[in-house]
Amino acid sequence: MDSLSILNPTKLKKTLLISTLLLAACSPTEPPLNPMIGDTGQELSQTALNADVIKYDLELEIFPEDKSIKGIGRSEFLLINDSQYVELKLDSRFDIEKIIVNEHNSDFTRNGGILLIDLGKNESAGETINVAVYYSGKPHVALNAPWSGGIVWSETEQGQPWIATAVQGEGCDLFWPCKDHFSDKADSMRIRLTVPKGLSAVTNGVLQDIKDIGQDKQQFDWLLSVPASDYNIALNIGPYTRIQQNYTSVNGTEVPIEFWALTQNTEKAKTLLNDDLAQQIAYFEAQLGPYPWGDQKLGFVETPHLGMEHQTINAYGKKYLRDENGYDWLLQHELAHEWFGNLMTHEKLNDAWLHEGFGFYMQPAYSLAKFGSAAYNSTMYKSYLGLVNCEPVVREGQITSEQAFNSDIYGKGGWTLHTLRWLLGDELFWQATRELLYGTYDSASLTYPIQTRYRNTQEFIDIVNRLSSKDYTWMFDVYLKQAALPELVTSRQNGQLSLSWRTSINKPFPMPVPISINGELQVYPFENDTLTLDVEASDKVIIDPEMKVLRYLPIIGLCEENLEKRKKR
């Protein structure tokens, strides 16, 4: 659902759909995912809203031979309102042995994947409730991770177990009991994973201890002591070598770096860290501010799926292959999500472009800084060719995660930022971006822990308008809240060049336009969405020669044509 969409969304989506259907046809029969379980971030019930998650504690054993898990999922809630119940979610394919509430057995009901847990009596707001769910079973197998998620049971070339989870679209309840909503991040989470000896179990946060369990097992004890969306919690198990380095953050902190690589790829992983990551993290911190989790770790783990932005332990499955970008785009893209998605989280799924539009745009922005304008323009142009323009980037109403993570939130979101950066200039653009993330654009000296925050589209618009002392609401209304791109209608006759903006909502769109006349480039403002210039018949005129302004051009077609192109690929 995440990474490859930034390269060629149209071709990719078609390929992934075919692959998913083929995999589904070939997979062993298993119960389909309940719609509520298979779609994270849906509207919370009143019971769920009555309780705030304070911390999670997951104690889990993984059995590679029969592809099953068994464990205890503990949750600590603070009641916001009086309630006799709390609610968790867990895939109904798991067996539940018992549920303990405040050290007493509890009655509970299961409705699909929803667990309604009886507290025994009506508890008052302000009370702390501790819930422990004892469960076991075989988790849902990913059809095509990370886009169609679940657990991946794989093997290395040497035949050793290699296991990972990726559940961005489906949610944490595919393998552990949780609230399954990005709007309620636990303050901390302890994760203890027991695996056969010879394997490492890697997850979010800081490794506290490794201890033997009997003669043939080991338990890896991790503590994540910062808030995280529960879909970011990930299992990664394999014959890993732990590579450890440090770097000095822009705020002066020594930040630990960890890369858990398959042992045979240790040298490749070290090269990746030294050649790519060192430059990438320096760029991100210079433009944005301190890496958000410097008191935890900057972590990566090699996975049997492509990748995902799992906070403090990003999944990496690109096999260390360099590509046409001149750097490892996957490493860079998932690193971007530590800021856009993990530090700053969308308030609703409707605002998912704040994750993915920025996450995509940081790639051409990095190319510009590293290689220059040709590399930047190449990435932006390829992205433009993949725009579909069938649905608004920011939709109204309740939407599913599948609707939220459509391809245009990457490319069209990134193009909105491209034009915004041109309008504002670099200084104001990056100031607005830093304030979106940190609450201040003076971020370099912030110390850990750094506060996480929820954001929506309107808040970003407000930041832009305040810092620029101008009102750019008209631009966001057209680019993000309408499906169709604005069109610049032009005519040239009788010694005049006439231009006018046409939008699908018939609202003012006073977008200035760069125009080159005989090699002289000038930005022309529009009054009442129109512009008239005197030109000679011999004048060579090029409108927006560097494609600074996002607008409809006939090189991409309209919605219906774009959908037909998808069907044929």
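In this predicted model, Pro-146 turns up in the loop that runs between strand S8 (128–137) and strand S9 (150–155). The peptide bond leading into this proline from Ala-145 is cis, with omega near 5 degrees. A second cis bond joins Tyr-448 to Pro-449, and here omega is near 0 degrees. Pro-449 also belongs to a loop, this one between helix H9 (426–438) and strand S22 (453–455).

Strand S8, which leads into the Pro-146 loop, is part of an open sheet of 8 strands. The strand order in that sheet reads S5-S4-S8-S2-S1-S11-S14-S13, and the pairing is mixed. Strand S5 (104–105) and strand S13 (206–213) sit at the edges, each pairing on one side only. Further in, strand S11 (residues 188–196) runs antiparallel to strand S14 (residues 217–224), and the two are joined over 8 bridges. To pick out one rung of that ladder, Thr-194 has Gln-219 in S14 as its bridge partner.

Backbone oddities are not limited to the prolines. Ser-469 takes a positive phi of about 60 degrees despite not being a glycine. Its loop links helix H10 (457–468) with helix H11 (473–481). Met-547, likewise not a glycine, has a positive phi of about 50 degrees, and its loop spans the stretch between strand S28 (541–543) and helix H12 (559–568). What about their surroundings? Ser-469 is exposed, with a relative accessible area of 67%. Met-547, on the other hand, has a relative accessible area of 19% and so counts as buried, the cut-off being under 20%.

Zooming out, the protein has 12 helices and 28 strands. Its 569 residues would give a radius of gyration near 25 Å if they formed a compact globule, and the value for the protein is 25 Å, so the two agree. Along the principal axes, the C-alpha atoms fill a box of roughly 90 × 55 × 50 Å. Of the 569 residues, 58% count as buried. Among contacts with a separation of 6 or more, 70% come from residues 24 or more positions apart.

As for the surface, the protein exposes about 23000 Å², and carbon and sulfur atoms supply 48% of that area. On the charge side, there are 50 positive and 74 negative side chains. The centres of these two sets lie 4 Å apart.

How values were computed: Residues numbered from 1 in each chain as written. Predicted model: local features only at pLDDT ≥ 70, side-chain atom pairs only at ≥ 80, totals over all residues. Heavy atoms only, no water. Helix = DSSP H or I, 4+ residues; strand = E, 2+ residues; numbered from the N terminus. Rg over C-alpha atoms; globule rule 2.2 N^0.38 Å. Buried < 20%, exposed > 50% of the residue type's maximum accessible area, 1.4 Å probe, protein only. Contact = heavy atoms within 4.5 Å. Areas by Shrake-Rupley, 256 points an atom, 1.4 Å probe, with all protein chains shown as cover. Lys, Arg positive; Asp, Glu negative; His and termini not counted. Charge placed at Lys NZ, Arg CZ, Asp CG, Glu CD. Pairing = 2+ DSSP bridges.
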